[in-house]
Amino acid sequence: MATCIWLRSCGARRLGSTFPGCRLRPRAGGLVPASGPAPGPAQLRCYAGGLAGLSAALLRTDSFVGGRWLPAAATFPVQDPASGAALGMVADCGVREARAAVRAAYEAFCCWREVSAKGKPLKEAHGEILYSAFFLEWFSEEARRVYGDIIYTPAKDRRALVLKQPIGVAAVITPWNFPSAMITRKVGAALAAGCTVVVKPAEDTPFSALALAELASQAGIPSGVYNVIPCSRKNAKEVGEAICTDPLVSKISFTGSTTTGKILLHHAANSVKRVSMELGGLAPFIVFDSANVDQAVAGAMASKFRNTGQTCVCSNQFLVQRGIHDAFVKAFAEAMKKNLRVGNGFEEGTTQGPLINEKAVEKVEKQVNDAVSKGATVVTGGKRHQLGKNFFEPTLLCNVTQDMLCTHEETFGPLAPVIKFNTEEEAIAIANAADVGLAGYFYSQDPAQIWRVAEQLEVGMVGVNEGLISSVECPFGGVKQSGLGREGSKYGIDEYLELKYVCYGGL
């Protein structure tokens with residue numbers, strides 16, 4: 001995608017929708033090239049008023065396979081979590097459609113690999129779209145920096161070369177909380193490397209993936225390079241298994257829960273596929289006695305309540321040293337009451353929208369009730385919001401202990417539990433007790449302590465006196481059971497490349 005967008009920006013001729021002369025390489029199972037004329041744009045179904053202002057061309061409801069908009073035998077509804085209203089009916093793809101998408105991607109890969117590189121609340125949603133575009137821009141530039149090596153060996157009559165080549169078809173499975181950015185972060189790297197992709201978006205948010213398909217088509221991305229197969233929750237398991245076990249798929253990239261990631265790893269193991277996994281986290285947010293309270297509170301607000309607490313790097317437990325504890329809790333509560341406004345995401349001034357569904361609300365409610373039953377104190381919030389079944393009040397708890405669910409179970413909601421600690425060693429031990437390690441944060445003004453803690457925290461990303469750490473230029477990923485590989489940055493494209501050693505003799 002990035003390559004073709006660059007070509008268009010330079011006034012290059014629009015790439016054709018097919019690859020003239022492309023022939024499939026032999027592979028188990030065989031492939032039959034698609035034939036017949038491509039159908040016209042799929043007829044759009046009706047949408048709720050909340051989408052009325054969007055471009056009709058981007059409101060797609062069918063799957064996108066081989067450059068064609070294709071309906072499925074069944075459809076499933078996509079709902080607005082704020083009102084419960086149906087936003088539209090989307091094609092409910094199954095195993096047959098999934099395998100067709102893989103075949104289309106594989107057919108396109110044999111020629112796409114040869115294309116050389118030339119080059120929420122509404123406010124948060126706008127920010128995500130810009131963030132998504134940055135990934136495409138970044139990887140379009142990284143494509144030209146896929147370097148190999150020449151290695152001089154002791155033998156005078158030979159040379160050793162190392163080539164980097166695209167791995168092949170990538171199955172991309174993305175979550176609902178960042179439905180555009182999670183796609184471009186993966187797909188931008190894959191396409192820049194020369195891979196083709198089959199995207200299975202989350203059933204709660206398929207419209208973003210389908211809109212990106214329309215934009216890819218408008219940008220001149222050839223047929224089969226970018227494919228989208230939406231499906232319902234009912235079909236998600238079998239569709240995911242189909243694309244992850246297909247012998248034509250060489251790479252799996254997944255963002256989601258650790259539990260689902262382990263299932264996909266099992267599928268990948270049977271055919272030894274390359275995998276990238278960005279899984280769950282339990283991010284600690286540590287405030288030491290030397291911290292600037294105002295800075296720490298600002299960081300806590302940004303880290304905890306972004307996207308209503310529904311990000312994998314949201315702070316999940318707040319560890320606050322005894323000497324600064326009371327001042328931090330007081331200032332944190334005041335900031336929450338002053339700056340957080342719950343409402344419909346389309347309403348101006350809203351900072352906290354609904355959770356994705358009622359099941360998510362029930363999880364937050366369960367954690368709050370469990371904590372209170374074991375001695376925690378509700379400082380502010382603590383219950384469902386009057387706006388509707390999918391809304392929960394931003395909640396701050398103190399007197400939290402390590403035996404409570406909220407300290408060892410990822411929340412994914414607007415709940416901030418505070419644990420009081422005494423020593424640096426105690427805080428590190430609590431933070432590292434988790435079997436996951438995606439992100440971690442801490443606030444301190446002690447340079448020696450900053451180095452010690454940054455190196456000792458068992459996480460893939462650390463924010464030091466900073467609550468927002470995501471950036472397209474920096475590697476995103478975790479350790480332990482938080483995943484494998486890295487996305488974004490100069491390292492992200494390597495996840496879609498293979499090394500080939502070539503020994504050139506007889507010189």
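A residue counts as buried when its relative accessible area is under 20%. By that cut-off Gly94, with a relative accessible area of 11%, is buried in this predicted model. Gly94 sits in the loop that joins strand S4 (86-91) to helix H2 (95-112). Along the sequence, Gly94 and Ala73 are 21 residues apart, while their C-alpha atoms lie 9.1 Å from each other in space.

Stepping back to the whole chain gives some context for this residue. Of the 507 residues in the protein chain, 52% are buried. The secondary structure consists of twelve helices and 22 strands. The accessible surface of the protein chain amounts to about 22,100 Å², and carbon and sulfur atoms account for 54% of that area.

Where does the largest cavity lie? Domain 1 (63-278) and domain 2 (283-472) both contribute residues to its lining, so the largest cavity is found between them. The space in the largest cavity comes to about 100 Å³. Its lining includes the aromatic residues Tyr131, Phe178 and Phe476, together with Met182, Cys312 and Val313. Asn177, Thr311 and Ser470 also line the largest cavity, as do Arg185, Glu278 and Arg306. Sorted by class, the lining has six nonpolar, three polar and three charged residues.

Helix H5 offers a good look at a helix within the fold. This helix covers residues 206-219, which makes 14 residues, and spans 20 Å from its first C-alpha to its last. That reach is close to the 20 Å expected at 1.5 Å a residue. Ten of the 14 residues of H5 are buried, so the helix is largely enclosed by the rest of the structure. Several alanines are among these buried residues, namely Ala209, Ala211, Ala213, Ala216 and Ala219. The buried set also holds Pro206, Phe207, Leu210, Leu212 and the charged residue Glu214. Just after H5 comes Gly220, which has a positive phi, near 95°.

Two residues stand out for their backbone angles. Most residues other than glycine have a negative phi. Asn399, although not a glycine, has a positive phi of about 60°. Its place is in the loop between strand S15 (395-398) and strand S16 (415-421). Ser489 likewise is a residue other than glycine with a positive phi, here near 65°. Ser489 belongs to the loop between strand S21 (483-484) and strand S22 (497-504). Are these two loop residues buried or exposed, or partly exposed? Asn399 has 43% relative accessibility and therefore counts as partly exposed, whereas Ser489, at 1%, counts as buried.

Two further buried positions complete the picture, one in a helix and one in a loop. Ile183 is part of helix H4 (residues 181-193), and its relative accessible area of 1% makes it buried. Ile183 and Ile173 are ten residues apart in sequence, with 8.4 Å between their C-alpha atoms. Gly343 lies in the loop between helix H9 (322-339) and helix H10 (358-373). Gly343 is buried as well, with a relative accessible area of 1%. A C-alpha to C-alpha distance of 8.3 Å separates Gly343 from Phe391, although 48 residues set them apart in sequence.

Definitions and conventions. Residues numbered from 1 in each chain as written. Predicted model: local features only at pLDDT ≥ 70, side-chain atom pairs only at ≥ 80, totals over all residues. Heavy atoms only, no water. Helix = DSSP H or I, 4+ residues; strand = E, 2+ residues; numbered from the N terminus. Buried < 20%, exposed > 50% of the residue type's maximum accessible area, 1.4 Å probe, protein only. Areas by Shrake-Rupley, 256 points an atom, 1.4 Å probe, with all protein chains shown as cover. 1 Å grid on protein atoms, 1.4 Å probe; cavity = no way out; pocket = protein on both sides within 12 Å on 5 of 7 lines; lining within 4 Å. Points joined across faces, edges and corners; volume = space filled by probe spheres on them. Domains from an automatic or database assignment. Expected span 1.5 Å × (residues − 1).
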